Amino acid sequence: MKEKHLHHRIGRYITYISSKHDANLLNGLVDNEHTENYLALSIAAIFDIRTLNESGDQEKPVIVIDIQKRVSIDYTISNLLNIGFNPLGCYVRKKNSRRVIGRIESIQNNVLHLNDCNTKEEVLDANQAYIEPSMVNLVRILNKITGAGENNLFKKIISESAKRLHPKEKLSLSSKLIYLLEKKLDKMPQALSANISSNFISNASEAFPSCKSLSKPYLIFDTSGNKTDNWNQRGLNRYGPVNWERFPSRKLNIAVICQAKHQGEVEKFIKKFLDGIQTTIADIGFIQRFRLDIPYIQIFTTPSEKSSSYKMACAEAIDHATSIGRHWDLTLIQINESFHELQSNENPYLVCKAFFLAKNIAVQQFELETILQNDRNLAYSINNIGVACYAKVGGIPWVLPVHQVISHELVIGIGSYVASKESRFGKYRKYIGVTTVFSSDGRYILESRTRAKLFEEYLPELLSTLERAITDVKMKDGWNEYDRVRLIFHVFKPLSYIEINAVRELVEKLKLPYVDFSFISVTEDHPYLLFDESQEGVKSYGHKKGVFVPERGLMVKLSNNEVLLQLTGSNELKQWTDNHPSPLLIKLHDNSTFRDIDYLAGQIFDFSCLSWRTLLPSPTPITILYSDLIAKNLLMLKDISGWSIEDMLGPIGRTRWFL
């Protein structure tokens, strides 16, 4: 790789983008005139500097390299208009800049009129404006040039990217970059000196941080804690869920809302959902797996895909239940995949969800496109929908054993959901959700009674939730004032000193003299990747997925405060084209008084096995996942006509309604 083919852009990291012909992943998709001069999906190297300091001695600086792809579009808006491309609604930038300045609202006489601007410049000559270099815009332009179809082009790009950015290729290219960096050291000023190792840090090197593989926890499937299994599906099939013997209503009342034109397909799906699909991974259905009786089911159809039609079907369902003296426990709602793009009252599922939640009825969606899959693929969806439905109606599929320790322990998860309406540069609204998971009677039990709050308003809600949880558990478990208590916070961001001091003041108010704190940020926003060269991958539809991906549960200790935890391994990837998964970066705040990072990381791994959203392992612990889902769901519902957050103060708010 020659120097003339490298260009650098300095942002948060240092990025080198190759301009070599064979580094453009579009070669072969369109003719050379376009890829040479205007369009590129280039291989780029991202460099970051971090430190390793596991032993507490002198910090060791390390260079972290990632290989990614970068979109380049050097067409002016005038060029795009000439080939018949419609750029209305697209964001634009000026030449030699990737920073967008506004969105095209209209075009008059080759002059762009912009809205949603981040500058005062609202008018721009089409010859001076360039479209934002995004994958969406790239595919749209390629489709205009080739007529190959956007979906087809996107699949080809993803496939080519997966081949060219294969982990083996990433390692090979990174080695070449290391060699290039070594050569660059010869040109450093005389007063400076540095040495760069010519090899990656591997577990064969003394410089490699300590690492270990965490074992899957044994899950509990009965109230006594005697029936256990480390595979959730096998445990459910063998023992049933934890509370099946004491489940209050084993004969569920289930309403199904679907489009009239698809009723036949929906009925076939419901039959498979309840009874299972033989010779597949879902050979045991919802009824048998969760030890339920045959439910009472009625189907209510909607003549169209409009929200108003769906709501009429919902009203019909309520009228029917009232007339026969029943209350719906669960509503299954058929939607189209395209509904996810609809907002607020235009989204039929959100309208139905708000309607039924207000009446303390659990809601579960299923996509038409999903139920039309072949039985082999549908089986996975049926399994996942089943466990979510059981949790939503108040069931407890499985729980975790608690590591027996001296201290009483509360774990508080804080997640977020960021929303902005149509504006790119308008005020973003970040909502915070709080989930409390606490230990009691030898098990982890989830408690979720919190609201989503705007970021600037969430601290009082956090303190209120924490005070309520401590008071409730203290009374239930008979704590005395001299017992040791441990409060562990899993947070999507590092907590500020203001937040930490507020928590400490609350503890003093509650008169708990012996309290330890652990404040942990859990994030995927970091430059690290882990490779396992012995991992040959898992067969997947004629390909191998997860080559060089470490197994789920690998923990790498960067320092006494930082740990990498791999929660997505080869088996957890969906397909061979998925990107190489990043580990979680777990970082312990300096103000923490309980500092056993190995114990804390192991607990986060255990919590990733407790998600009742699917039977699949979760890529994040439920303390963060559930918090994110609470914030996201309440935010999506807030503008629905007739919806009130106060509706969640009833019994439905104590369930896993957000899964």
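K212, K557 and D598 are linked in a network of salt bridges. The model is predicted. Side chains of opposite charge can pair when their charged atoms come close. Across the whole structure, the search finds 16 salt bridges.

One residue of this network, K557, also serves as a reference point for A601. The C-alpha atoms of A601 and K557 are separated by 9.7 Å. Along the chain, the two residues are 44 residues apart. A601 belongs to helix α15, which spans residues 597-607. D598, a member of the salt-bridge network, falls within the residue range of α15. A601 is buried, because its relative accessibility is 0% and the cut-off for burial is under 20%. Leaving aside residues up to four places away in sequence, A601 touches L214, M555, V563, L565 and I586.

A further salt bridge joins D229 to R234. The closest N and O atoms of this pair are 2.9 Å apart. The two partners fall into separate accessibility classes. D229 is buried, at 3% relative accessibility. R234 is partly exposed, at 33%.

Helix α7 covers residues 263-275. Within α7, the side chains of E265 and K268 meet in a salt bridge, with an N to O distance of 3.5 Å. E265 and K268 are three residues apart in the helix, so about one helical turn separates them. Both side chains belong to partly exposed residues: E265 has a relative accessible area of 31%, and K268 has a relative accessibility of 47%.

K272 forms a salt bridge with D375. The closest N and O atoms lie 2.8 Å apart. K272 lies in α7 and D375 in helix α12 (residues 375-392), so the pair ties together parts that are 103 residues apart in sequence. K272 is partly exposed at 25% relative accessibility. D375 is likewise partly exposed, at 32%.

The packing of these helices was then examined. Two packed helices are described by the angle between their axes and the distance between the axes. For α7 and α12, the angle is about 65 degrees. Their axes are 9 Å apart. The two helices are therefore roughly perpendicular to each other, because angles of 65 to 115 degrees fall in that class. The crossing of α7 past α12 is right-handed. On the α7 side, F269, K272 and F273 make the contact. On the α12 side, the contributing residues are D375, L378, I382, I385, G386 and C389. By class, the contact of α7 with α12 comprises six nonpolar, one polar and two charged residues. The charged residues are K272 and D375, which form the salt bridge described above. The polar residue is G386.

At the level of the whole protein, there are 16 helices and 28 strands. The protein has 659 residues, and buried residues make up 50% of them. D229 and A601 are among the buried residues. Contacts between residues at least 6 apart in sequence were also considered. Of these, 68% join residues at least 24 apart.

Key
Residues are numbered from 1 along each chain as its sequence is written. This is a predicted model: local features need pLDDT of at least 70, side-chain atom pairs count only at pLDDT 80 or more; totals for chains, interfaces and linings use all residues. Side-chain values use heavy atoms; hydrogens and water are left out. A salt bridge is a side-chain nitrogen of Lys or Arg within 4 Å of a carboxyl oxygen of Asp or Glu. Buried means under 20% relative accessible area, exposed over 50%, partly exposed in between (1.4 Å probe, protein chains only). Helices (H or I, at least four residues) and strands (E, at least two) are DSSP runs, numbered from the N terminus. Contact means heavy atoms within 4.5 Å. Axes are lines fitted to C-alpha atoms, for helices over the stretch in contact, and angles run from 0 to 180 degrees between N-to-C directions. Angles under 35 degrees count as roughly parallel, over 145 as roughly antiparallel, 65 to 115 as roughly perpendicular and the rest as oblique. A crossing is left-handed if the near helix is turned anticlockwise from the far one by less than a right angle, and right-handed if clockwise.
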